[in-house]
Amino acid sequence: MVLLVPELTFLTGLSDLRNNSRMLKEVMWEMVQSPQQHYQRLTSLLRRVRDTAEAARELQRWGLRLDTDIYRTQAHVLPGERINLRHRSFLPAEELGWHREVTKEAPIATISLSSWLLIYPKRLQPLAKELLAAVRSSCGPMGMQVGQPAVQELRDDRIETFVRSIQSSLGSQ
């Protein structure tokens, strides 16, 4: 088992994802695969690795062996939960994509977001602006009031810089 500390990890390999619509579509397609499709793709990958002579030699050199099947376990599938909004309710579709329904109608109750802080490193200023626009465009139709955040642009993205910024903001409020 490999455990990663989220604060010490960095996203790699997908930095140009926003600028590459083909890659974005491929990533999204991978994310919406059914469990059966994931299983088929993984077992196909295992077979290809096993049947490739060069890969088999490398695994043997390391003293490793790939099983031809992935681990199976018995599971219980829970029934879908009904999503209740202020004026209607619905059962989510099989693919679990109910974002559109939820953001078009007001929930049963909302809480205003009047006092909040947006902290971001200078190099991510365009993403911070996109985030703010997305929050406003999603929250408005749901009946949620979103005030102007206190904004802090950081010179770097080190954890200590974020911590100091948050602590100074909390101390001044």
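A residue is called buried when its relative accessible area is under 20%, exposed when it is over 50%, and partly exposed in between, with a 1.4 Å probe and the protein chains only. Thr161 is a good first case: with a relative accessible area of 4%, Thr161 is buried. The model discussed here is predicted, so local features need pLDDT of at least 70 and side-chain atom pairs count only at pLDDT 80 or more, while totals for chains, interfaces and linings use all residues. Residues are numbered from 1 along each chain as its sequence is written, and side-chain values use heavy atoms, with hydrogens and water left out.

Thr161 belongs to helix 6, residues 159–172. Helices (H or I, at least four residues) and strands (E, at least two) are DSSP runs, numbered from the N terminus. Beyond its neighbours within four places in sequence, Thr161 is in contact (heavy atoms within 4.5 Å) with Leu154, Arg155 and Asp156.

The chain as a whole comes next. It contains 6 helices and 4 strands, and their order from the N terminus is α-α-α-β-β-α-β-α-β-α. Of its 173 residues, 17% count as buried. Among contacts with a separation of 6 or more, 49% are between residues 24 or more positions apart. The accessible surface, from the Shrake-Rupley method with a 1.4 Å probe and, for residues, with only the protein chains shown counting as cover, comes to about 14500 Å², and carbon and sulfur atoms account for 58% of this surface.

Helix 2 offers a clear example of a helix with two sides. This helix covers residues 35–51, and its 17 residues should span 24 Å at 1.5 Å a residue; the end C-alpha atoms are 24 Å apart, in agreement. The expected span is 1.5 Å times one less than the number of residues in the helix. Tyr39, Thr43 and Leu46 are the buried residues of helix 2. Because these residues cover an arc of only 55° around the axis, they sit on the same side of helix 2; the arc is that of the directions from the helix axis to the C-beta atoms. Arg48 and Asp51, on the other side of helix 2, are exposed. Within helix 2, Thr43 counts as buried at 5% relative accessibility. Leaving aside neighbours within four places in sequence, Thr43 is in contact with Thr68 and Asp69.

Helix 3, residues 53–62, holds Arg61. With a relative accessible area of 61%, Arg61 is exposed. The side chains of Arg61 and Glu58 are joined by a polar contact of 2.7 Å. A polar contact is a pair of N or O atoms within 3.5 Å; within protein, one must be able to donate a hydrogen and the other to accept it, and residues adjacent in sequence count only if both atoms are side-chain atoms.

What makes up the largest nonpolar core? A nonpolar core is a set of buried Ala, Val, Leu, Ile, Met, Phe, Trp, Tyr and Cys residues joined through side-chain atoms within 4.5 Å. The largest one has 12 residues: Ile83, Leu85, Phe90, Val102, Trp116, Leu118, Tyr120, Ala128, Leu132, Cys139, Met142 and Val146. Strand 3 (117–121) and helix 5 (125–139) are the elements that give two or more residues to this core, and helix 5 gives the most, with 3 residues.

Helix 5 also agrees with its expected span: 15 residues at 1.5 Å a residue should span 21 Å, and the end C-alpha atoms lie 21 Å apart. Its buried residues are Ala128, Leu132 and Cys139. Seen down the axis of helix 5, these fall within an arc of 55°, so they line one face of the helix. Strand 3 is included in what covers the buried residues of helix 5. Cys139 is in contact with Met144 and Val146, neighbours within four places in sequence aside.

The loop between helix 5 and strand 4 contains Gly143, which is partly exposed with a relative accessible area of 38%. The C-alpha atoms of Gly143 and Glu105 are 7.9 Å from each other, with these positions 38 residues apart along the chain. Gln148 is found in the loop between helix 5 and strand 4 (150–154), and at 54% relative accessibility Gln148 counts as exposed. Apart from its neighbours within four places in sequence, Gln148 is in contact with Ser114, Trp116, Leu132 and Arg136. A polar contact of 2.8 Å joins the side chains of Gln148 and Arg136.
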